Each structure stands twice: as structure tokens, then as C-alpha cells.
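Here's a walk through a protein chain and the ligand that goes with it. Have a look at the model first, and then we'll go from the overall fold to the ligand and on to a few single residues.

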Amino acid sequence: MNSFGWYGALVALEFGLAAVTVVALLWIRAPYGRYRRGGWGPTVPARVGWLVMESPSVVVFAAVFAFGAHRADLVPLVLLAMWLCHYVYRAFVYPALMRPGTRMPWLVVALALAFNLLNATVNAWWIAELGGYATSWLSDPRFLAGAVLFFAGLVVHMRSDRTLRRLRAPGETGYRIPYGGAFRWVSSPNYSGEIVQWFGWALATWSPAGLAFAVYTTANLAPRAFDHHAWYRERFPDYPADRRALVPHLL
Ligand code: NDP
């Protein structure tokens, strides 16, 4: 099999994982955060878990990128910078800012780590090797629209992460109703923003791997967003009635 054949097989695997994930999450709530419970094996401090499972998205992406034939070309470098904007935040800044004290199962960390190894590899491989972008791609409407969506989604999810973080005083572990920003419209704007961001990436890279990641992110986060929404409504009688789970005014 040539490079495109292997790449196609790995991307197909990622689409397959998205299908398995969405079906599994219809039955099982991923056992971290508010759904953490016994029976999922040994646990690790959540900030260590986030660092371990997300840092390969920086390290492996950079390593695969460094071997790509187009690693010094302008478009791959711009796309690398976009990827790092997200993953330096998610792998290093987000865990550093998290309130200490919560834990997550190693199993969740291991599954996310395995996915991130695959996802970082196929995305970097496309960008630095197989994509073969001309510099004119930077003025293509698909790149421009994708970049706008990517950064808009990034801002929404980072701002929403911050709002959630500020709901608790130091040492507190309970839950409150979040208000402000995109929480006016949906219960999980951190997830909405992340999903928009990766569809923006799919558009900006115009790649099978980018699309697979956007689909996987939706498969992973949409069921959790609906669970969060139902969870808030069950526990808070004064929960804003017009707020939706994931998509303003719709879903
Ligand atoms: P959650 O919204 O479940 O939790 C985010 C943080 O905020 C946690 O520390 C949580 O504490 C705290 N928190 C949430 N709601 C409240 C509340 N009402 N009151 C007080 N504190 C609250 O998000 P996730 O942990 O699932 O995800 C974190 C980030 O990672 C998100 O931005 C998400 O988009 C991204 N992500 C991306 C994935 C992908 O496939 N691309 C997969 C998973 C996450 P606690 O942990 O104690 O509940």
C-alpha cells in the first residue's frame, strides 16, 4: 500500500471510532467530571490526566510534521500555527489553570491518548506531506472561511472554559448555573465552540483527516452536551427555560 492508501485506512479508522463513540455514549456517560463514579479502575488527578492525554497532540503532531516534505512551506506552517494555538492551550494551559482536587480514571486518559496519537498523526501527515498546498491556498475562500470559524470557535470555547472555572471558589467542588457569554443560549458553549472550531479546521485544511476529526469531536461532545443539559434541568428548578443544549434556539 502507498502513503495515500495508509493515510486513507487511518482516516477510515477515525471515522469508525466516531461511529463507535457516538453509539457508546448514547448508553454510557463518560465517567469523568460530574459523571465520575466507581468501577472504572484507578484514577489520576484530572490536571495530570489532561496533560498526559492531550500533550501527544503537540509532540506527535510536531514530530510527524518535522518529517514532512513540505515542512518549510508557508501554508503548512500557517496550519501548524493554528493547530498549536489550540493544543498548547488544551495540553498545557488548560490543565495548569484547572482547580486542583478532581480526579479522572486512567482508562479515560488511555482512550483519549490513543485517539490523539492517531488524530495528530493523520492531520500532520496530510498538512506537511500529502496535502501539497500552493501558497495561493491562503486566499482561497475555503481557507479563509475555515480560519474564521476556527478562531471564532476557539474564542467561544476558551471563554466558556474560563466562565466554568470561575464558578467555583478555591476548594469548592459543587456545581452552579453558569451565566453570561454564550451560556445565554446553550448549556455547553465550550463544546459548541470546539465543534465549530474543528469544522473550521476541516474547511481550512480541506482534508479527510480534518473532516474525520470534526465528525469525531461532534460524536464525542454532542451526547455529553445533551447529558449536561438534562443534568442541569434535573438539579436546578430555576435553570433558564429558553437555554438549549448545544445549538442556540434549536438543539
Ligand atoms: P465540562 O464542561 O464537563 O467541565 C469543564 C470544567 O468546568 C471542569 O473542570 C468541571 O468540573 C467544571 N464545571 C463544569 N460545569 C460546571 C458547573 N456548572 N459548575 C462548576 N464547575 C463546572 O467539560 P469537559 O471536562 O468535558 O471538557 C473540557 C474541555 O475539553 C472543553 O472545552 C471541551 O470542549 C474539551 N474537550 C474536547 C474533546 C474533543 O473530542 N475534541 C473531548 C473532551 C473535551 P468537574 O470536572 O468537577 O465536573
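Start at the N terminus and follow the chain: the elements come in the order α-β-α-α-α-β-α-α-α-α. That makes 8 helices and 2 strands. The radius of gyration is 19 Å, close to the 18 Å that the globule rule gives for 251 residues, so the protein chain is as compact as a globular protein of that length. Keep in mind that this is a predicted model.

If you like to think in box dimensions, the C-alpha trace spans about 55 × 40 × 35 Å along its principal axes. Of the 251 residues in the protein chain, 45% are buried. The outside of the protein chain adds up to about 12100 Å² of exposed area, and carbon and sulfur atoms supply 69% of that. As for how the chain meets itself, take contacts between residues at least 6 apart in sequence: 83% of them join residues at least 24 apart.

**Around the ligand**

Which residues come nearest to the ligand? Out of the 24 residues around it, those are Tyr 32, Arg 34, Tyr 175, Arg 176 and Tyr 191. By type, the shell splits into 9 nonpolar, 8 polar and 7 charged residues.

Three side chains put a polar atom (N or O) close to a ligand oxygen, at these distances:

| Side chain | Ligand atom | Distance |
|---|---|---|
| Arg 168 | oxygen | 3.1 Å |
| Asn 190 | oxygen | 3.0 Å |
| Arg 224 | oxygen | 3.2 Å |

How much of the ligand does the protein bury? Taken alone, the ligand exposes 890 Å², and the protein buries 90% of that. Four elements each give two or more residues to the shell: α4 (74-97), α6 (141-165), α7 (189-205) and α8 (208-235). Helix α8 provides the largest share, with 6 residues.

**Three residues up close**

Leu 149 is part of helix α6. Is Leu 149 buried, partly exposed or exposed? Its relative accessible area is 35%, and the partly exposed class runs from 20% to 50%, so Leu 149 counts as partly exposed. Beyond its neighbours within four places in sequence, Leu 149 is in contact with Val 196, Gln 197, Gly 200 and Leu 203. Asn 116 is another matter: 33 residues separate it from Leu 149 along the chain, and their C-alpha atoms are 22 Å apart.

Ser 55 sits in the loop between α2 (46-54) and α3 (56-67). With a relative accessible area of 17%, Ser 55 falls under the 20% cut-off, so this residue is buried. The side chain of Ser 55 reaches the backbone oxygen of Leu 51 at 2.6 Å. Setting aside neighbours within four places in sequence, Ser 55 also has contacts with Trp 50, Ala 91 and Phe 92.

Leu 97 belongs to helix α4. Its relative accessibility is 42%, so Leu 97 counts as partly exposed. Which residues does Leu 97 contact, leaving aside its neighbours within four places in sequence? Those are Arg 47 and Arg 165. Arg 47 is 50 residues away from Leu 97 along the chain, yet the C-alpha atoms of the two are separated by 8.7 Å.

Technical notes. Residues numbered from 1 in each chain as written. Predicted model: local features only at pLDDT ≥ 70, side-chain atom pairs only at ≥ 80, totals over all residues. Heavy atoms only, no water. Near = heavy atom within 4 Å. Polar contact = N/O pair within 3.5 Å; in protein donor to acceptor, adjacent residues only side chain to side chain. Areas by Shrake-Rupley, 256 points an atom, 1.4 Å probe, with all protein chains shown as cover. Nonpolar A, V, L, I, M, F, W, Y, C, P; charged D, E, K, R; others polar. Rg over C-alpha atoms; globule rule 2.2 N^0.38 Å. Buried < 20%, exposed > 50% of the residue type's maximum accessible area, 1.4 Å probe, protein only. Contact = heavy atoms within 4.5 Å.
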